[in-house]
Amino acid sequence: MKRWLKLAAGAAALTLATAGCAGSGGGDTATGSGGSDGGTLTVWLMDGSAPDSLTGALNKEFEAAHAGVKVNYQIQPWNGIQQKLTTALASDTPPDVIEVGNTQTPAFASDEVLTDLSADVNSFNGSQWLTGLKASGEFEGKTYGVPFYAANREVLYRKDMFEQAGITAPPTSDAEWLDDIAKLKAKFGSDKDFQALYLPGQYWYTLLSFIWDNGGDVAKAEGKGFKSTLDSAGSKAGLEFYKQLVDASGTTAPKDNDEATPQQAGIYGGGKVAMFIGTPGEVATAAKTDPSIADKTGAFPIPSKTAGQTAPVFLGGSNLVIPLNSKHADLAKEYLKLLTSTKYMSQMAAAGYVPGTSTDTSALDKDPLGGVMAKASKNGRAVPTSPKWGEVESGQNPLKDMLTAYLTGKKSIDQATADANAALDKIIGG
Amino acid sequence: MTATKVVPMPAGATPPASARATPEKPRRRTGIGERMMPYLLLLPALVAVLVLLGWPTIQMLGISLRKLDLHELVTGKAVWIGFDNYTEELTDPEFWSVAVRTVVFTALLVAATLLVALVIAVLMRHLNPVVRIILQISLVLAWAVPVIATTTVFQWIFDQQYGILNKTLDRLGFHSFIGYSWFSTGASTLAVIGLLVLWQAVPFVAFTLYAGLLGVPREQYEAAGIDGAGPWQTFRAVSWPAIRPILTMVTFLSVLWDFNMFGQVWAIRQGGPDGASTTLAILQYLKGIAGSHFGSAAAIATIMLVLLLLVTGRYVQLLVRSKDGELA
Amino acid sequence: MRKSLTQRVTLSVVGVLVALLFFFPTYWMFTTSLKTPGEVLSPKYDLFPTSATLANFASALTKPGFVTYLSNSLIVTLGAVLAALVVGVLAAIPLARFRFKGRKGFLLLILVAQLAPLSALFIPMYLLMRDLGLLNTLPSLLLVYFATSLPFTVWMLYGFINGIPYDLEEAAMIDGCSRAGAFRRVTLPLLGPGLVTTSVFSFITAWNEFLFALVFMQDKPKQTLPVWLSSFKTAFSVDWGGIMAASVVYAIPALIFFLIVQRKLVSGLTAGAVKG
């Protein structure tokens, strides 16, 4: 019995001690003690963005130039990043430089939790910013995000299969593209696992290209908000072409899933697919299945319905921002200045990305697949810069539901686009 | 406890020794130490629950009456907007259809979980040791595998093109399953999610019930056996009263978990297709967390809490009352 | 209790079938972890693996930080389970064995505490930990896991103690045991299975928790295994074989934990049988 009481009392004392902290801790947070780590600049970049060689050299150079300053560099995983950033911004010692996805940036900018960088644009190489990314970092005339890098999609194809099917040059229009699909099917169609084009039903980034190419758009700015335009003639034409491709290609990809599940590059790596739409980086994933596939792969820009042109592409990428609560905003700006310099931007290009603050893509052009991407990026476009667009992507994307409903024949094109339009308006409208 | 009285005894069977606590006579010893002891023993748990769960919950209730977006969270501003967050949800017809779907899904899932687990628990008791250990190991494996892995594996098994299930069905002669999508409707998507949850939840419930069955002293079974009770009678007279409190407990817990479940539903189809497998937890994420509208998130969470209280209220009442009565 | 041979065979067959059903996804996870990326997405029929590679395991285990994450996970999980068990038993005893004022209220509190939707509590919890100055420290996670499994632990143990006849304890007290001695010698051994299921449950819940671990721990060296596991998925590629191999590795500590407590379960049972 006595032993029990001792144990109980001990446990109680322990819990009380914790509770005591709770009582006193709440009061003195306002004063904060962030000053204690004065010399540390915390930088968060995303998993898989800047290569280690770049950040290693960058942090070394920065520390050398700023005596007494240490860079605390952390790589963040993509999973759960929204919650992680949200809470980190609310902490007493938020990171000083953060990489934020370009479609997420308007939400952060409109919530006034980022440092206004309008006055520093020029010191970040402002004249050379990638147009398609620039708008995502701006809100009501002010600049909050600096373009970091972008990637866009192109058609990756098997040069050897094209040759065997008698196709001498990559298609330069939608019509030619469909012709080539027919030729590939005629040549390899006897293999039931063959797919001339792998195209999953919910690949909405690709749909964007077709919508834009047909003169449609996702939404248009109206007043201070946005109005969905998925039911416009152009948007419908884009959706129809998507279906035409799916039907013509004989793809066995799921109609109710996107390019990530199952991972399209892995399927391309299996060797039974002649084309897929993706970023050059995905070829490396395919090469994990079949190392020889990289040499057999070529690229051409997503064709346009107008012969000789290429379709506009969605620019996916990231911006760099400085949280409003940063204790070292000035140091952070110095850091951005260095990172946005041509020297490091060319390293981003060499890593396979379209650089955000430099028009010099020579390092990217060295790679044939990268060169095609860099060229297409000039015709790159972005989703509406609505602060709520992040919710469209992180939630139930109406564009995906629209695609599945139309491709599976569950809804007519009018019904599918009208429903998607209403659903999208519910999120970004008004 | 009432359960013991309700269950009819087979004629001639020895009534099982009460598995319930015999009343403690408060008169026996009433020193100060004796009277204080319950409180001392409870204190650590009480403090922990109040500080670490109670306080955040109260804050959540407060947040539900505020507009708390990223801006307010970072700047620490409190913008009180009354019940706006609530009226916005409660007047949305979509909210109500999701609520009904969640309740139905939870009810079916809980019933299935309990039934399967109970059968397995009873089965474990009657199996020979070797088979029992094989069964236990496979249950433990199912339980120990991380949720993220299980979910991925299930997605794969049910994949329309490369899934082993469709491939196997094709081999067995059901060729229409080539390229069949198990996620084309909300109902079939929820059914797959249900299987996934069942697979993860049954081991715990089965082991808990099994542990309850083992807590019954062996001679009670022997007594029932000697008295010529059949297996069903023995189950009803001996096993059932012993596991009933545990069964109600796991029912309650399963209701909570299944009702609030987020990860599995989200991972399979993010509440799709076309929102047809969206549950309240998903809705809370979509409307609240995804867009950093923590006021809305808190309001939906509070409504969920109230719904849960309505669903389990009668049970909570019964539980507290009967447990209390049993000591009175 | 006597069963005929056919009955026993039927039971065994049913038992094995159920075991297979529950084993299959685990089996599938394991065989997938032995596949090359090409085999994972192959149209071939592969219920039984035709070849195996350990490359996924090698790449999973050599991913930087594995050992750190593993020890972090073990510290917070075991710490939380232990704390919840100790505090839980302490609270369950008076609930089951005493009658006192406020008992009903506490029971209600424990029940209602479990209704709290954790996904909505992460903001208040985050603010609490921030104000306590515990962010970015392992104790913050330990406390959260302890707190979230405590009501459950108390509730379960209360039920288990309730299920153990008090007559046995009383008999021991008549034999000269103190109240504590009677509890320790009679009820505690019989409580074995209850302690096991309860602790395995809190172990697995804490072991799998992702969101709080991700949000509370800002520095990499302080993160836990679920966060490590999610790093196999980047924006542009998913290493499925790697995820499966990592999942196998990740499930092992949970299995070991179960095996350890399993022995306790058996000894608890025998003790119970002897006393009973």
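The expected span of a helix is 1.5 Å times one less than its number of residues. This rule is applied below to one helix of the structure, which is a predicted model.

**First stop: helix H5 of chain B**

Select residues 93–126 of chain B, which form helix H5. Its 34 residues should span 50 Å at 1.5 Å a residue, and the C-alpha atoms at its ends are 50 Å apart, so the expectation and the model agree.

Next, colour the buried residues of H5(B). Along the helix these are Val98(B), Thr102(B), Phe105(B), Thr106(B), Leu109(B) and Val110(B), followed by Thr113(B), Ala117(B), Leu118(B), Ile120(B), Ala121(B) and Met124(B). Which elements cover them? Within chain B, the cover includes helix H6 (129–144), helix H9 (186–214), helix H11 (231–260) and H13. Chain C takes part as well, for its helix H1 (5–33) is also included in the cover.

**Second stop: where chain B touches chain A**

Display chains A and B together. In this pair, 34 residues of chain A are in contact with 32 residues of chain B. On the chain B side, at least two residues each are supplied by helix H2 (32–63), helix H3 (70–75) and helix H13 (280–289). Select H2(B) in particular, since the largest share of that side, 7 residues, comes from this helix. What classes of residue make up the side of chain B that touches chain A? There are 16 nonpolar, 13 polar and 3 charged residues.

**Third stop: chain A as a whole**

Now show chain A alone. Its secondary structure consists of 19 helices and 15 strands, and its C-alpha trace spans about 85 × 55 × 55 Å along the principal axes. Chain A has 430 residues, of which 55% count as buried. Among its contacts between residues at least 6 apart in sequence, 75% join residues at least 24 apart.

**Last stop: two helices of chain A**

Select residues 233–249 of chain A, helix H9, and residues 398–407, helix H18. The two pack at an angle of about 55 degrees, and their axes are 11 Å apart. Angles from 65 to 115 degrees count as roughly perpendicular and those under 35 as roughly parallel; H9(A) and H18(A) are therefore oblique to each other. The crossing of H9(A) past H18(A) is right-handed.

Finally, show the side chains at this contact. H9(A) contributes Leu239(A), Tyr242(A), Lys243(A) and Val246(A), while H18(A) contributes Leu403(A), Tyr406(A) and Leu407(A). By class, the residues of this contact are 6 nonpolar, no polar and 1 charged.

Methods:
Residues numbered from 1 in each chain as written. Chains lettered and ligands numbered in written order. Predicted model: local features only at pLDDT ≥ 70, side-chain atom pairs only at ≥ 80, totals over all residues. Contact = placed C-beta atoms within 7 Å. Helix = DSSP H or I, 4+ residues; strand = E, 2+ residues; numbered from the N terminus. Nonpolar A, V, L, I, M, F, W, Y, C, P; charged D, E, K, R; others polar. Buried ≥ 20, exposed ≤ 12 C-beta atoms within 10 Å, placed from the backbone. Axes fitted to C-alpha atoms, helices over the stretch in contact; angles between N-to-C directions. Parallel < 35°, antiparallel > 145°, perpendicular 65-115°, else oblique. Left-handed = near helix turned anticlockwise from the far one by under 90°.
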